[in-house]
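Visitor: I am new to this structure and would be grateful for a close look at one part of it. Please begin with a single residue and then set it among its surroundings.

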Amino acid sequence: MSGHKLLFDGLKLWTSARSTWLSRLHDGVNGPGKACFSSCNLKLKVCIVGSGPAGFYTAQHLIKARQDVEVDIYERLPVPFGLVRFGVAPDHPEVKNVINTFTQTAKHSRCSFYGNVNVGKDVSIEELQQAYHAVVLSYGAEGNRTMGVPGEDLAGVYSAKDFVGWYNGLPSCRELSPDLSCETAVILGQGNVALDVARILLSPIDILKKTDITQAALEALVESQVRRVLIVGRRGPIQVACTIKELREMVNLPDTRPEMVAAEFQGVTEAVKDLPRPRKRLTELMLKTALEIPGEKEQERRSKASRSWAFRFFRSPIEILANPDNNRTAGIRLAVNRLEGSGEGARAVLTGEVEDVTCGLVISSIGYKSLPIDPSVPFDSHKAIVPNSMGRVQQAGGLYCSGWLKTGPTGVIATTMNNSFDTARSLLEDMDSGTVDVSAARPGSQSISGLLEKRGVRPVIFSDWEKIDRVEINRGEATGKPREKLLTVEEMLQVAQK
Ligand code: FAD
Ligand code: NAP
């Protein structure tokens with residue numbers, strides 16, 4: 001291409017950009033009668049509630065898309081990153097690399113982080129709406145679905161949410177101290193969380209001790225007597241909710257052997273050819289693990305293994321059985337199901353048969369659940385989400401939602417990223433169209449920090465979190481771990497406010 005042509009194209013681009021800019025300046029960025037951000041330096045103030053992937057990805061998109069947007073992120077805990085810190089398994093450190101991107105966003109000149117602010121308690125959504133042009137709720141799913149069966153409250157029964165929170169250092173789960181003195185553990189649900197829990201229960205300590213699992217969990221797992229983990233699903237092999245990478249990790253877990261029940265795979269070999277590709281590969285791996293006679297080396301490995309795991313299919317919990325003293329779990333009663341329909345949409349139907357399994361530990365991994373945090377915000381308690389269309393909270397102008405609160409508690413970080421970008425796009429569209437009132441300046445964090453001060457709440461800003469981060473990394477170094485997490489909010493605040 002000639003130098004003249006390049007120069008000409010460059011001039012053309014410049015001229016068209018300049019005329020767009022001039023006409024926007026004339027009309028205000030958003031058209032006649034709307035705000036005049038560029039010309040009068042009005043900053044669009046957006047507040048995000050929650051600093052998990054949804055919060056950070058929403059912030060990232062807003063900041064990148066427009067130079068006149070300022071974002072403040074409010075987080076209940078003194079530390080950021082939500083389930084990336086408190087959910088993702090300690091032996092999956094590569095997943096936590098997203099923290100680098102979140103850190104870049106947090107350090108952007110138009111983004112601020114305010115940890116230790118419990119929205120709905122320390123400050124209301126209405127107060128945030130008065131202080132900001134728009135509020136995005138991204139506070140995730142902090143509750144869990146319950147089984148609704150007798151005995152669910154017995155000692156020895158835990159939700160996966162609490163168990164995961166315990167080994168990952170979530171302050172509210174610090175005192176869980178699960179009793180791991182039994183031989184058999186039953187996990188209900190066959191999603192990736194169930195597999196995370198099974199892997200942590202069965203992994204050799206030499207693997208776990210190099211991760212950021214808490215020291216207390218590590219010590220409990222050293223003493224653990226659990227030798228057999230059953231991962232129980234209400235439907236069949238073609239309906240499991242886990243993915244192939246996580247299943248492969250189970251199959252290859254050192255010192256363990258799979259112990260599937262061949263009869264539960266009836267008809268699966270015939271059905272596999274018609275399955276969509278990811279499901280097909282997952283099912284093939286299950287079939288191979290359950291039905292094929294392994295090679296000599298694998299046979300030897302399996303025969304030497306001191307621990308075992310298995311999927312059990314077509315079983316729903318109906319009762320947690322107590323020991324004779326009636327004070328802790330001694331087993332679980334399962335209803336035997338059959339499937340109605342086929343493929344991923346097949347439904348479990350009771351056959352009337354039941355089966356009792358002896359076990360001392362039951363972990364219910366049937367899903368997380370969002371909770372309402374402020375009565376002024378619409379909440380669909382049946383679906384446990386904030387009702388929304390494309391992230392716009394229904395019947396609540398200027399209020400948006402993203403992440404698990406928007407979609408329900410499924411989806412990996414990449415899914416959460418996409419749905420958060422979509423919410424950010426909706427918000428920007430509404431600012432452009434004038435649906436969100438951006439005609440006047442808003443005080444943003446200035447007014448909120450005044451309120452918080454009056455209420456005795458001292459926010460933890462991002463540089464304070466970096467102090468906590470350094471302390472944790474230093475503590476970890478001493479024991480060969482990437483970090484040793486601080487386990488109480490008090491300790492976190494002490495370090496942050498030094
Ligand atoms: P969250 O990550 O839960 O973030 C919500 C944030 O809001 C939290 O920081 C919370 O403290 C804060 N908050 C809550 N209430 C308030 C309040 N009242 N005021 C202020 N702040 C509040 N995905 C993968 O891709 N790979 C994995 O390996 C993986 N492992 C997972 C393991 C587990 C156990 C779980 C449960 C999920 C895992 N996921 C994984 C999925 C991933 O974690 C989610 O997609 C993602 O975290 C959802 O993001 P979120 O921001 O909606 O929610
Ligand atoms: P999930 O994938 O939705 O799995 C939930 C499991 O619980 C399913 O097997 C489901 O069975 C079962 N279940 C639900 N309600 C039940 C009930 N009433 N009775 C019996 N069983 C019931 O949820 P999750 O495992 O909590 O994971 C949440 C999300 O995080 C998923 O998208 C997951 O992929 C992601 N995650 C990813 C990773 C990773 O990438 N490594 C790790 C952890 C989590 P049915 O199918 O029959 O409903």
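Visitor: In which helix does E453 lie?

Guide: The model shown here is a predicted one. E453 belongs to helix α17, which covers residues 445-454. This residue counts as exposed because its relative accessibility is 67%, and the cut-off for that word is over 50%. A comparison in space may help to place E453: its C-alpha lies 62 Å from that of D274, and the two residues are 179 places apart in sequence.

The wider setting of E453 is given by the division of the chain into domains. The domain assignment gives two of them. Domain 1 is made of two stretches of sequence, 37-142 and 370-460, while domain 2 takes residues 145-369. Taken over C-alpha atoms, the centres of domain 1 and domain 2 are separated by 34 Å. The contact between the two takes 19 residues from domain 1 and 20 residues from domain 2.

Two ligands come next, beginning with ligand 1. Both domain 1 and domain 2 give residues to the shell around ligand 1, so this ligand lies between them. There are 33 residues around ligand 1, and those that come nearest are E75, W404, G411, I413 and T416. Of these, T416 places a polar side-chain atom 2.8 Å from an oxygen atom of the ligand. Nitrogen atoms of ligand 1 also have polar partners in the protein. One such pair, at 3.0 Å, involves a polar backbone atom of R76, and another, at 3.2 Å, involves an N or O atom in the side chain of N118. Taken alone, ligand 1 exposes 1000 Å², and the protein buries 93% of that. Three elements give two or more residues each to this shell: α3 (53-65), α8 and α16 (413-433). By type, the residues of the shell around ligand 1 divide into 18 nonpolar, 11 polar and 4 charged.

Ligand 2 may be described in the same order. Its shell draws at least three residues from each of domain 1 and domain 2. Of the 18 residues around ligand 2, those that come nearest are Q190, R234, R235, E246 and G411. G411 was also listed among the residues that come nearest to ligand 1. Several polar pairs can be traced from the protein to ligand 2. A polar side-chain atom of E246 is 2.7 Å from a nitrogen atom of the ligand, and a polar side-chain atom of R234 is 2.8 Å from an oxygen atom of it. V193 takes part through its backbone, with an N or O atom 3.2 Å from an oxygen atom of ligand 2. Ligand 2 taken alone exposes 910 Å², of which the protein buries 78%. Helix α8 (residues 192-202) supplies the largest share of this shell, 3 residues. The shell around ligand 2 is made up of 6 nonpolar, 8 polar and 4 charged residues.

Two buried residues now offer a contrast with the exposed E453. S138 is found in the loop between β4 (134-137) and β5 (143-144). It counts as buried because its relative accessible area is 5%, where the cut-off is under 20%. Apart from neighbours within four places in sequence, S138 is in contact with I48, V49, G50, A54, G55, T58, S402 and L405. With S402 there is a polar contact, side chain to side chain, at 2.8 Å. S138 and Y400 are 262 residues apart in sequence, and their C-alpha atoms are 8.6 Å apart in space.

The second of these residues, N388, has its place in strand β16 (residues 388-389). N388 is buried as well, with a relative accessible area of 17%. Its side chain reaches two backbone atoms: the oxygen of V386 at 2.9 Å and the nitrogen of G391 at 3.0 Å. Beyond four places in sequence, the residues in contact with N388 are V393, Q394, C401 and K406.

To return to the starting point, E453 in helix α17 is exposed at 67% relative accessibility, whereas S138 is buried at 5% and N388 is buried at 17%.

Note on methods:
Residues numbered from 1 in each chain as written. Chains lettered and ligands numbered in written order. Predicted model: local features only at pLDDT ≥ 70, side-chain atom pairs only at ≥ 80, totals over all residues. Heavy atoms only, no water. Near = heavy atom within 4 Å. Polar contact = N/O pair within 3.5 Å; in protein donor to acceptor, adjacent residues only side chain to side chain. Areas by Shrake-Rupley, 256 points an atom, 1.4 Å probe, with all protein chains shown as cover. Helix = DSSP H or I, 4+ residues; strand = E, 2+ residues; numbered from the N terminus. Nonpolar A, V, L, I, M, F, W, Y, C, P; charged D, E, K, R; others polar. Domains from an automatic or database assignment. Buried < 20%, exposed > 50% of the residue type's maximum accessible area, 1.4 Å probe, protein only. Contact = heavy atoms within 4.5 Å.
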